[in-house]
Amino acid sequence: MTIKQKKYCYFCGTELEERFTEGRIRKYCVRCAGPLYENPVPATCIIVADKNGKILLVKRSVEPKEGFWCLPGGFMELDETPEQGALRELKEETGLSGKIHLLLGVRTNPSPMYGTVYMTGYFIRQYSGKPVAGDDASDVRWFNIDELPEVAFESHRHFIDIYHSSNIKN
Ligand SMILES: [Zn+2]
């Protein structure tokens, strides 16, 4: 996987160098006289289960992994909590409103855009509305846990496995 590299300082626009500083090779801006720290980017995803234990997946209409199925979710905005971000993405992608029941865990996932995504997984049992594909999704569907299509992201698969092997289903 090729990771997109930052070429210019996003504070002052100066072309970046690479320097060994603070224990590793980092992007460095000579004008700002310091490294540009690069960190995993926080995102969230949600397992929504219906009363039969089926879970909701959305079909991606954007890259990366366009055409693959994944859990509803996405990147956090600056002014929201992880829970707010997860519920916003759920609403945008599926039309559902919900109440977070449980934190399933955190996981990292490689990303061509950001290097590493720091993914938080939540579980929702109580929701309202009928699923309709929205932003970044071309389809939305309930799936039997034993009949899932290939899931786009390893971190999502991990949370599905946690859900599957747990006793939180009912
Ligand atoms: Zn700079």
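Me: What geometry does the site of the zinc ion have, going by the angles among its four donor atoms?
Reply: Keep in mind that this is a predicted model. The four donor atoms make angles of 100 to 114 degrees with one another. Four donors count as tetrahedral if all angles lie between 85 and 135 degrees, so the site of the zinc ion is tetrahedral.

Me: And which residues coordinate the zinc ion?
Reply: The coordinating atoms are SG atoms, sitting at 2.3 to 2.4 Å. Along the chain, the donors follow the spacing C-x2-C-x16-C-x2-C. The residues are Cys9, Cys12, Cys29 and Cys32.

Me: How many residues apart are Cys9 and Cys29?
Reply: Cys9 belongs to the segment before β1 (17-21), while Cys29 is in strand β2 (residues 24-29). Both of these cysteines are buried. The pair links distant parts of the chain, with a separation of 20 residues.

Me: Zooming out, what is the order of helices and strands along the sequence?
Reply: The protein has two helices and ten strands. Its C-alpha trace spans about 60 × 30 × 30 Å along the principal axes. Read along the sequence, the pattern is β-β-β-β-β-β-β-α-β-β-β-α.

Me: How far apart are the C-alpha centres of domain 1 and domain 2?
Reply: Domain 1 takes in residues 1-38, and domain 2 takes in 41-165. Where they touch, four residues come from domain 1 and five residues from domain 2. Centre to centre, the C-alpha distance is 32 Å.

Me: Which residues have the most contacts inside the largest nonpolar core?
Reply: As a general rule, nonpolar side chains in soluble globular proteins tend to be buried together. Here the largest nonpolar core has 20 residues, and β4 (41-48), β5 (55-60), β9 (115-128) and α2 (154-165) each supply at least two of them. The ones with the most contacts inside this core are Ile47, Ile55, Ile160 and Tyr163.

Me: Which residue in β10 is the bridge partner of Ile55?
Reply: β5 and β10 pair in the antiparallel sense, over six bridges. Not counting residues up to four places away in sequence, Ile55 touches Ile47, Val48, Leu71, Arg141, Trp142, Phe143, Ile145, Leu148, Ile160 and Tyr163. From β10, the bridge partner is Phe143.

Me: Which strands stand at the edges of the sheet with the order β6-β5-β10?
Reply: This is an open sheet of three strands with antiparallel pairing. An edge strand has a single partner strand, so one side of it is left without a neighbour in the sheet. That describes β6 (69-70) and β10 (137-143).

Me: Which residue in β6 does Lys59 stand opposite?
Reply: β5 and β6 run antiparallel and are joined by two bridges. β5 is mostly covered, with five of its six residues buried. Opposite Lys59 in β6 stands Trp69.

Me: Is Thr120 buried or exposed?
Reply: Thr120 is found in strand β9. Leaving aside neighbours within four places in sequence, Thr120 is in contact with Ala43, Thr44, Cys45, Leu103, Gly105, Val106 and Phe159. Buried means under 20% relative accessible area; Thr120 has 10%, so it counts as buried.

Me: How far apart in space are Lys65 and Ala152, C-alpha to C-alpha?
Reply: Lys65 is in the loop between β5 and β6, partly exposed with a relative accessible area of 33%. Beyond its neighbours within four places in sequence, Lys65 is in contact with Arg60, Ala152 and Phe153. Lys65 and Ala152 are 87 residues apart in sequence, yet their C-alpha to C-alpha distance is 6.1 Å.

Me: What share of the contacts with a separation of 6 or more comes from residues 24 or more positions apart?
Reply: Lys65 and Ala152, 87 residues apart in sequence, touch each other. Across the protein, residues 24 or more positions apart account for a share of 60%.

Me: Last one: what percentage of the 170 residues of the protein count as buried?
Reply: Buried means under 20% relative accessible area. Thr120 is one of the buried residues, and so are Cys9 and Cys29. Of the 170 residues, the buried share is 38%.

Notes:
Residues numbered from 1 in each chain as written. Predicted model: local features only at pLDDT ≥ 70, side-chain atom pairs only at ≥ 80, totals over all residues. Heavy atoms only, no water. Donors = N, O, S within 2.8 Å, 3.2 Å for Na, K, Ca; no water. Tetrahedral: all angles 85-135°; square planar, octahedral: opposite > 155°, others 65-115°. Helix = DSSP H or I, 4+ residues; strand = E, 2+ residues; numbered from the N terminus. Buried < 20%, exposed > 50% of the residue type's maximum accessible area, 1.4 Å probe, protein only. Core = buried A, V, L, I, M, F, W, Y, C linked by side-chain atoms within 4.5 Å. Contact = heavy atoms within 4.5 Å. Pairing = 2+ DSSP bridges. Domains from an automatic or database assignment.
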